[in-house]
Amino acid sequence: AALNPWDVMLCVSGTAIACENALVVAIICYSPALRTPMFVLVGSLATADLLAGLGLILNFVFQYVIRSETVSLLTVGFLVASFAASVSSLLAITVDRYLSLYNALTYYSERTVLCIHTMLAGAWGVSLCLGLLPVLGWNCLRDRAACSVVRPLTKSNVTLLSASFFLIFLIMLHLYIEICKIVCRHAHQIALQQHFLTASHYVATKKGVSTLAIILGTFGASWLPFVIYCVVGDPNYPSVYTYATLLPATYNSMINPIIYAYRNQEIQRSMWVLFCGCFQAKVSFRSRSPSDV
């Protein structure tokens, strides 16, 4: 079959995603210092995005090399589970950031570690179940009329996935609003203690709120067009609409390592050690907490 340029772009996107996130996973596994709950969450996100990138590559290979309904179902289920785990890991990171500010005094405790591990287990468990649904029979291979804009997923399956995304997005929006309130309240309390609000406090607060807006805006801009199209789109529409909305959604997995990993100075230090093997002690790095954005 002739190569579809959209499929090629998805494969290229998957390759970039896999390479970026494989590096993050390697750094976290290589560095014993990066075993804190915060980096466990970042590692979970990177692993999910790595699997999503590999899924895009496998989907391209199997689409043009091994054409099989069974393989198609397995690939689609793999992609659904990977992207669901990525979005769920983003939610877990948001919850962790909120807890690190709301319960700052008790955050570094065994209870927090148990909470994070429970969140991750639930996120990956639900994602795996969502990925198994098409494989276990919730597909439209035998009923073309039930197909959605993402074949071979059914309309009801896509509706479930879209509703789950909207729920996660609303929860993240609510938590980030609460985080902004806490940050502004802390800045106000500092100002009262020092009897005035310094320019540095104002700049830091503004930067923190702006960064949160960029994080949530990037996530929404990447996924919302595709999710909305899955709900309102018709399978009879040209497939270019599906590709045009799906491709930006994959970019979120490409941007995640930059936002959540490569900006972190401890990961930058580990990268220096991993690639150069000659970390200079005179170069100082500031340890970040989960609430640092």
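The residues lining the second largest cavity divide into 6 nonpolar, 3 polar and no charged. That cavity is the opening stop of this tour of a predicted model.

**Stop 1: the second largest cavity**

Select Leu-90, Ile-215, Thr-218, Phe-219, Asn-252, Ile-255, Asn-256, Ile-259 and Tyr-260, which together form the lining. The space inside is about 40 Å³. Colour helix H6 (199-232) and helix H7 (239-262) next, since each of them supplies at least two of the lining residues. H7 gives the most, with 5 residues. A search of the whole structure returns 4 cavities of 30 Å³ or more.

**Stop 2: the whole chain**

Zoom out to the full protein chain, which comprises 8 helices and 0 strands. Read from the N terminus, the order of elements is α-α-α-α-α-α-α-α. Of the 293 residues, 45% are buried. Among contacts with a separation of 6 or more, 75% join residues 24 or more positions apart.

**Stop 3: the annotated spans**

The unreviewed UniProt entry carries the annotation "transmembrane region" for residues 6-31, 38-66, 72-93, 114-138, 158-177, 209-228 and 240-262. Two of these spans may be selected in turn.

- Residues 72-93: the span is 100% helix and 0% strand, and its end C-alpha atoms lie 32 Å apart.
- Residues 114-138: the chain here is 88% helix and 0% strand, with 34 Å between the end C-alpha atoms.

**Stop 4: the nonpolar cores**

Show side chains for Phe-165, Met-172, Tyr-176, Phe-219, Trp-223 and Tyr-260; within the largest nonpolar core, a set of 49 residues, these touch the most other members. Helix H1 (5-30), helix H2 (37-64), helix H3 (69-102), helix H4 (110-135), helix H5 (155-194), H6 and H7 each supply at least two residues of this core. The greatest contribution comes from H3, with 13 residues.

Phe-219 and Tyr-260 have already been displayed, as both belong to the cavity lining of the opening stop. Now centre on Met-172. Which residues does Met-172 touch, not counting those up to four places away in sequence? They are Leu-90, Leu-91, Thr-94, Leu-216 and Phe-219. A second, separate core has 14 residues, including Ala-18, Leu-34, Met-38 and Phe-39.

**Stop 5: Val-76**

Move to Val-76, a residue of helix H3. Is Val-76 buried or exposed? Its relative accessible area is 11%, so Val-76 counts as buried, the cut-off being under 20%. Draw a distance from the C-alpha atom of Val-76 to that of Leu-56: the two residues are 20 apart along the chain, and the separation is 9.3 Å. Beyond its neighbours within four places in sequence, Val-76 is in contact with Arg-151, Pro-152 and Leu-153.

**Stop 6: Thr-154**

Continue to Thr-154, which is found in the loop between H4 and H5. With a relative accessible area of 6%, Thr-154 is therefore buried by the same cut-off of under 20%. Select Trp-138 as well: Thr-154 and Trp-138 are 16 residues apart in sequence, and their C-alpha atoms are 6.8 Å apart in space. Which residues are in contact with Thr-154 once its neighbours within four places in sequence are left aside? Trp-138 is one of them, together with Asn-139, Cys-140, Ala-146 and Ser-148. Trp-138 also falls within the annotated span 114-138, which links this final stop to the third.

Notes. Residues numbered from 1 in each chain as written. Predicted model: local features only at pLDDT ≥ 70, side-chain atom pairs only at ≥ 80, totals over all residues. Heavy atoms only, no water. UniProt positions renumbered as here; feature names shortened; annotations may be inferred. Helix = DSSP H or I, 4+ residues; strand = E, 2+ residues; numbered from the N terminus. 1 Å grid on protein atoms, 1.4 Å probe; cavity = no way out; pocket = protein on both sides within 12 Å on 5 of 7 lines; lining within 4 Å. Points joined across faces, edges and corners; volume = space filled by probe spheres on them. Nonpolar A, V, L, I, M, F, W, Y, C, P; charged D, E, K, R; others polar. Core = buried A, V, L, I, M, F, W, Y, C linked by side-chain atoms within 4.5 Å. Buried < 20%, exposed > 50% of the residue type's maximum accessible area, 1.4 Å probe, protein only. Contact = heavy atoms within 4.5 Å.
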